[in-house]
Amino acid sequence: MTSPDGAGVPHSHDHLMLCWENVGVSPSRTSSDHGEPQPASAHVHEATLADVDQLTEVHTQARTAYYTAAGGLDPADPPLSSPEAYAERRAAWANAVTSPKLFTVAAVLDGRIVGCAAMGPALAGHVDPAHVGQLYQIHVLPDCWGRGIGGLLHDAFVTYLHRTGRSGGVLEAWERNARAQRFYAARGWRADGHSRPGPATTRYLYYQLHR
């Protein structure tokens, strides 16, 4: 939900984390600030290789929206628009859905995938992956923002923490993505004072959730 980009295991996982710019809720992820309604017909399932093309498209549309509309970046930037970047995102999602170390979900509404999230052991260096899970990515199609999809994906992450016996979560949110930050704050996430470099001299901020 922090609309970042990232996920994978070592090599690929690093790409997802860096390419996805963090995990949180993009405007898409932020798709619904605090009071997003529950979509009547939406459901979440574990993603498979058959979903990879749709996951990549959701990711691409969501990140382009939050980086350009909210963040002021140029939509023609190669990381946003180039075929090479698209292929890298697709490879990262394929890795995420097949890796035994990661858990990836897709949100389906009216027969199409409209949101996705990837999660697994924490990669952030300042937390213990044995006890902390990381929400690498949350994305929702821009035309579905505000319909409760982000909340469903976030619930899947909380369930993942319970299922794996982890006591907390960590994620990154782009500092210009105020909507994502509101989304997380409404669900109990708090900035932990750590950050890493982002595009155009900005930074990605780390947030933690304790349960």
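This is a chat about the strands, a helix and the salt bridges of a predicted model.

Trainee: What is the strand order in the sheet?

Mentor: The order is β1-β2-β3-β4-β5-β7-β6, in an open sheet of seven strands with mixed pairing.

Trainee: Which are the edge strands?

Mentor: β1, residues 43–46, and β6, residues 190–197. Each of them pairs on one side only.

Trainee: And what does the twist average from one strand to the next?

Mentor: The average is 30°.

Trainee: Let's take β1. How many bridges join it to β2?

Mentor: Four, and the two strands run antiparallel. β2 covers residues 103–109. For a landmark, look at His43, which has Val108 of β2 opposite.

Trainee: Now the other end. In what sense do β6 and β7 pair?

Mentor: Antiparallel, over five bridges. Ala191 is a handy residue to find there, with Tyr207 in β7 opposite.

Trainee: How many residues sit between β6 and β7?

Mentor: Five, and the two strands form a hairpin. In the turn, Ala200 has a positive phi of about 55°.

Trainee: What about β5 and β7, how many bridges there?

Mentor: Seven bridges, again in the antiparallel sense. Trp174 has Tyr204 in β7 as its bridge partner.

Trainee: Which strands does α6 lie across?

Mentor: Helix α6, residues 178–186, lies across β5 (168–174), β6 and β7 (203–210). Its direction is at about 160° to β5.

Trainee: Change of topic. How many salt bridges does the structure hold?

Mentor: Three. One of them joins Arg90 to Asp53, where the closest N and O atoms are 2.6 Å apart.

Trainee: Which helices does that pair tie together?

Mentor: Arg90 is in α4, residues 83–98, and Asp53 is in α2, residues 52–70, so the salt bridge links parts 37 residues apart in sequence.

Trainee: Are those two buried or exposed?

Mentor: Arg90 is partly exposed, at 34% relative accessible area. Asp53 is partly exposed too, at 45%.

Trainee: Which side chain meets Arg112?

Mentor: That of Asp143, in a salt bridge of 3.2 Å from N to O. Arg112 belongs to strand β3, residues 112–121, while Asp143 is in the loop between β4 (132–140) and α5 (149–164), so the pair ties together parts 31 residues apart in sequence. Arg112 is partly exposed, with 36% relative accessibility.

Trainee: What does Glu172 pair with?

Mentor: Arg196, in a salt bridge with an N to O distance of 2.8 Å. Glu172 lies in β5 and Arg196 in β6, so parts 24 residues apart in sequence are tied together.

Trainee: Buried or exposed, those two?

Mentor: Glu172 is buried, with a relative accessible area of 1%. Arg196 is at 15%, and it counts as buried because the cut-off is under 20%.

Trainee: Last topic, cysteines. How many disulfides does a search of the whole structure find?

Mentor: Zero.

Trainee: And Cys116, buried or exposed?

Mentor: Cys116 is buried, at 0% relative accessibility. Cys144 is also buried, with a value of 0%.

Trainee: Back to the sheet for my notes. Which strand pairs with β7 over five bridges, and which over seven?

Mentor: β6 pairs with β7 over five bridges, and β5 pairs with β7 over seven. In the strand order, β7 stands between β5 and β6.

Note on methods:
Residues are numbered from 1 along each chain as its sequence is written. This is a predicted model: local features need pLDDT of at least 70, side-chain atom pairs count only at pLDDT 80 or more; totals for chains, interfaces and linings use all residues. Side-chain values use heavy atoms; hydrogens and water are left out. Two strands pair if DSSP finds at least two bridges between them. Axes are lines fitted to C-alpha atoms, for helices over the stretch in contact, and angles run from 0 to 180 degrees between N-to-C directions. Contact means heavy atoms within 4.5 Å. A salt bridge is a side-chain nitrogen of Lys or Arg within 4 Å of a carboxyl oxygen of Asp or Glu. Buried means under 20% relative accessible area, exposed over 50%, partly exposed in between (1.4 Å probe, protein chains only). A disulfide is a pair of cysteine sulfur atoms within 2.5 Å.
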